Amino acid sequence: MNLHSRRAFNQKLLGSLMTYGLIETLFQRDLLAEPMKPVVHQWLADLHELSAEVKNQKIKDVDFQAKLEDLYKKVELSELIKLLDLDRVAKDVKFPARGAANLGIDLSKVEGLPQRLVFGKQIFAMQKDRSIVPHGHDNMCTGFIVLRGEFNGKHYDRVEDRADSYLIKPTLDRDFKPGECSTVSDHKDNVHWFKAISDTAFIFNIHITGYNPENKKPANRVYVDPDGEKLQGGTIVAKKMTSSECHKKYG
Ligand SMILES: [Fe+2]
């Protein structure tokens, strides 16, 4: 087939597709529009699938942590920021005098996400020198990714629960830039503390509660004081605190 006849053939084919309404059908079924779907929507669907796996005990929590960090590292941060409408959030936020503002997120418009999500989600926003205060969790997996600003982030393993304290062991202490992430589960890095070191700073967070049938405690935060007696082997006796005590000292 020469060029002329191929062009004529294509025009004829296109004409008959239009005649029979096949092109419209393809558009209606979203097949041709599929490549236009934002990548971040698929990323959130992947996040949901992974969260369901740990919630339903299909994977171990420590493996979930590694996979969540892999997923966080893959996200196009500018797309996530746009989806979360961070510019508006940053304009409207009322920063608390101590601690972090906890801001809700609406993901109901995201394609491919069920209306009932397995994970909870929020943005934490704070001003310089204010903190997401040192705390651990029960029956919860959670992960942070820095959206904007910089933090000093610390994690500790929660080695032992005692009557008035927790035995904790430092596992991580470094600065975090946008796009950097960290995770928590009942079995690894189960105390975290993030302090803003830029004028303002924003973290995105997801969390999955009630995933560990062996942990009978309610899925609450437990506040700790890492400024405690240091024992041999690097552990710290971290006193239990109330939220207000912890925010007074560290918020
Ligand atoms: Fe937390």
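This briefing covers the fold of one protein chain, with attention to a sheet and the helices beside it. The model is predicted. The protein chain holds seven helices and 11 strands. Five of the strands form an open sheet with antiparallel pairing.

**Whole chain**
- Of the 251 residues in the protein chain, 31% are buried.
- Contacts in the protein chain between residues at least 6 apart in sequence join residues at least 24 apart in 75% of cases.

**The five-stranded sheet**
- The strand order across the open sheet is 1-2-9-4-7.
- The edges are strand 1 (101-103) and strand 7 (181-184); each has a single partner strand, so one side of each lacks a neighbour in the sheet.
- From one strand to the next, the twist averages 25°.

**Pairing of strands 1 and 2**
- Strands of a sheet pair through backbone hydrogen bonds, in a parallel or an antiparallel sense.
- Strand 1 pairs with strand 2 (residues 120-127) in the antiparallel sense, over three bridges.
- Within this pair, Leu103 stands opposite Ile123 of strand 2.

**Helices on the sheet**
- Helix 3 (residues 39-55) packs on the sheet, where it touches strand 4 (140-148) and strand 9 (200-209).
- The direction of helix 3 makes about 45° with that of strand 9.
- Helix 4 (residues 61-74) lies across strand 4 and strand 7.
- Relative to strand 7, helix 4 runs at about 160°.
- Strand 4 is thus touched by helix 3 and has helix 4 lying across it.

Definitions and conventions:
Residues numbered from 1 in each chain as written. Predicted model: local features only at pLDDT ≥ 70, side-chain atom pairs only at ≥ 80, totals over all residues. Pairing = 2+ DSSP bridges. Helix = DSSP H or I, 4+ residues; strand = E, 2+ residues; numbered from the N terminus. Axes fitted to C-alpha atoms, helices over the stretch in contact; angles between N-to-C directions. Contact = placed C-beta atoms within 7 Å. Buried ≥ 20, exposed ≤ 12 C-beta atoms within 10 Å, placed from the backbone.
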